[in-house]
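The following note is offered to a colleague who is meeting this structure for the first time. Please read the numbered points alongside the display.

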Amino acid sequence: MEKAPDDVSNIHNRFSLTLVNPSSHYFSLAASLAIAAVIAITTYFGYPNNFDVNEVWYRLPGIIVVLAVTQLLDTRFTKKKEYSKSLHSSLFGNMLWIVTLLMGLLASIVLSKEASFFFLVLGMFLFASFRIGIYTTTLGASIKKAWAICFVQPLAMFLVLIPQDMWFPILNNPIALGYGISFMIIASVWSILTDRAGRPGMHSTHKTIQAYLASQGNDFTEAEEIMEQRSSEKKVSTSQIKLSSPDGEIQFRMVLPEIHPGPYHPVGGSNIPYLIYKNLNSSAMVMHSISDHALNLPSKNEVENYLKNLENSEVKEEGLKCTEPVTVQINKARVIGLLFGNNPLLFLSLSPHGMEDIPNYMKIEIEQYAKNRNYNRTMIVDCHNAMGAEISKEDGEDMLKAAKSCLDTLIQKDSFPIEFGYANSDDMDVWTEDLGMGGLGIVCLKIDDKKYFLGWADANNMENGIREKIIENFAKKEYTLLEICTSDTHYAPVKARNRNGYYQLGLITGADKLSKWMLEIAKNAEAKTTSAKFEILENETEVKIMGDGIYQDYSKALDNSLKITKGFAIGGVLFFITSLFL
């Protein structure tokens with residue numbers, strides 16, 4: 001599974017391309033109408049010998065009205081009838097037109113020649129060519145349909161802009177028509193090639209893009225269908241450490257699912273940590289185990305299947321005692337461990353330096369090392385509490401050394417009866433853009449009359465250094481906060497318009513506010529402390545997971561599409577430049 005993170009990172013890096021569109025369709029509406037007005041003014045004042053410049057003032061309202069009407073009409077031709085995408089495409093199409101006009105006028109000045117209507121016509125054709133590309137890639141139209149409707153908006157604007165007696169003379173320009181039709185053919189060929197860029201693994205790149213865009217509007221049915229078709233069945237395990245009071249009234253679970261949150265909000269198992277949390281009566285910490293996006297659940301159906309079968313977990317071991325925590329730090333790598341009976345629980349982190357998902361080979365090596373030392377079940381948590389790249393070879397070796405040292409030390413530690421208390425933020429007002437629906441949680445472990453706290457956040461990673469500041473603030477209050485872990489949820493309370501596509505914990509909410517919230521929760525957990533027994537629960541469920549192949553194909557399709565686009569863009573610009581010298 002070592003290939004998947006590379007492909008996922010590559011796909012994720014392309015996310016910034018979706019930020020080209022304005023965040024609001026109201027902006028696109030206002031900007032497109034403003035640019036249409038600039039096109040009218042540029043046309044009349046740029047060609048004063050051909051027009052009565054005073055005529056522009058009553059043609060201006062007409063072109064704006066026609067543009068607004070055709071923007072509404074455009075929605076009837078799109079697969080999902082989306083007004084926002086109609087406005088965005090209209091904005092960029094009008095931008096192409098005005099740039100073409102201005103470049104033509106600039107060329108006429110530099111080359112000392114008379115301004116030509118050639119660029120007015122060419123701009124209209126470029127607008128139409130752009131519409132062919134947009135309609136086929138993102139709006140679900142066929143090439144034939146795109147050709148049929150590509151001129152609806154630009155031609156309507158042209159007919160209102162230009163006096164009727166000048167329509168034919170302006171349009172009857174063989175060179176302009178030749179250039180314009182050439183650009184339309186270029187746009188069509190580009191569309192066909194990019195749609196096939198992912199073959200044979202991905203039949204249609206465009207359908208995948210359309211499904212992704214639809215899912216961002218909460219219509220995720222098509223995206224899940226595509227992903228589920230490519231998914232394969234696999235047995236996945238879920239480990240739990242259950243702490244409960246003697247009477248069973250108070251319970252808390254630490255959950256380590258083998259599945260990984262994702263692929264992205266709101267598709268599939270993107271919000272799986274919260275759903276597990278709610279399924280366990282909001283008395284749980286759903287940790288990030290050592291897994292990657294190959295273990296994503298592709299659809300809501302598979303999520304429901306997983307949650308339903310989670311109820312069938314079996315108790316494998318139980319006990320009353322636990323060791324005090326052991327912390328081993330080797331360079332950047334830090335491992336914190338506790339031993340429940342003969343079952344080690346390890347927390348792995350590089351914070352504040354950060355890293356991506358811990359690779360599976362490290363899990364295999366740690367588990368084998370623990371098995372050689374006669375441990376029963378080894379549970380490993382990827383704390384996921386600082387942003388970073390894929391773990392380096394040096395840091396990985398340090399992490400393995402720290403984990404093995406921690407396991408060696410735990411063997412020698414004495415065990416003591418456990419007391420625990422748990423509290424969360426469910427009754428607090430902690431909504432923020434960098435926190436998921438599960439909020440915050442703290443478990444207090446009292447071992448040998450010493451209290452240790454473990455923090456949890458339903459968040460997609462943490463801003464670097466936030467963990468250290470919160471732990472420092474806890475220490476000032478004489479609270480020992482061992483670690484803060486995140487669930488790596490892929491739920492997004494808001495659409496983050498940044499390169500990551502989400503807000504990591506601490507990016508919006510500062511360390512001081514998080515510390516205040518978590519200290520309040522810690523005090524509540526401390527007040528609820530009671531004697532406990534632990535149970536180790538295991539579950540195996542057969543579900544469909546996305547696997548490596550789908551990410552490899554998506555990555556390949558995106559790379560090929562971008563290469564094709566760059567080639568066509570360079571060729572198109574060079575072809576356009578030749579028109580400036582005509």
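Are Glu55 and Arg59 buried or exposed? The first point takes up this question in a model that is predicted.

1. Glu55 and Arg59 are both buried. The two residues form a salt bridge, in which the closest N and O atoms are 2.7 Å apart. This pair belongs to a structure that holds 18 salt bridges.

2. A second salt bridge joins the side chains of Glu468 and Arg467, with an N to O distance of 2.8 Å. The partners fall into separate accessibility classes: Arg467 is buried, at a relative accessible area of 7%, whereas Glu468 counts as partly exposed, at 23%. Both residues also take part in a network of salt bridges that links Arg334, Arg467, Glu468 and Glu483.

3. Helix α16, which covers residues 466–476, contains Glu472 and Lys476. Their side chains meet in a salt bridge of 3.9 Å, N to O. Because Glu472 and Lys476 are four residues apart in this helix, about one helical turn separates them. Lys476 is exposed, with a relative accessible area of 61%, while Glu472 counts as partly exposed at 45% relative accessibility.

4. The structure holds zero disulfides. Cys383 is in no disulfide, and the nearest cysteine sulfur to it, that of Cys485, lies 3.8 Å away. For Cys485, likewise in no disulfide, the nearest cysteine sulfur is that of Cys383, at 3.8 Å. A disulfide is a pair of cysteine sulfur atoms within 2.5 Å, so a pair beyond that cut-off is not counted. Cys383 is buried, with a relative accessible area of 0%, and Cys485 is buried, also with a relative accessible area of 0%.

5. As for the overall fold, the chain comes to 18 helices and 15 strands. The C-alpha trace spans about 95 × 45 × 40 Å along its principal axes. Of the contacts in the chain with a separation of 6 or more, 80% involve residues 24 or more positions apart.

6. The chain has 582 residues, of which 55% count as buried. The chain exposes about 24,900 Å², and carbon and sulfur atoms supply 55% of that area.

7. Finally, the charges may be considered across the whole chain. There are 54 positive and 64 negative side chains. The centres of these two sets lie 4 Å apart.

Technical notes. Residues numbered from 1 in each chain as written. Predicted model: local features only at pLDDT ≥ 70, side-chain atom pairs only at ≥ 80, totals over all residues. Heavy atoms only, no water. Buried < 20%, exposed > 50% of the residue type's maximum accessible area, 1.4 Å probe, protein only. Helix = DSSP H or I, 4+ residues; strand = E, 2+ residues; numbered from the N terminus. Contact = heavy atoms within 4.5 Å. Areas by Shrake-Rupley, 256 points an atom, 1.4 Å probe, with all protein chains shown as cover. Lys, Arg positive; Asp, Glu negative; His and termini not counted. Charge placed at Lys NZ, Arg CZ, Asp CG, Glu CD. Salt bridge = Lys/Arg side-chain N within 4 Å of Asp/Glu carboxyl O.
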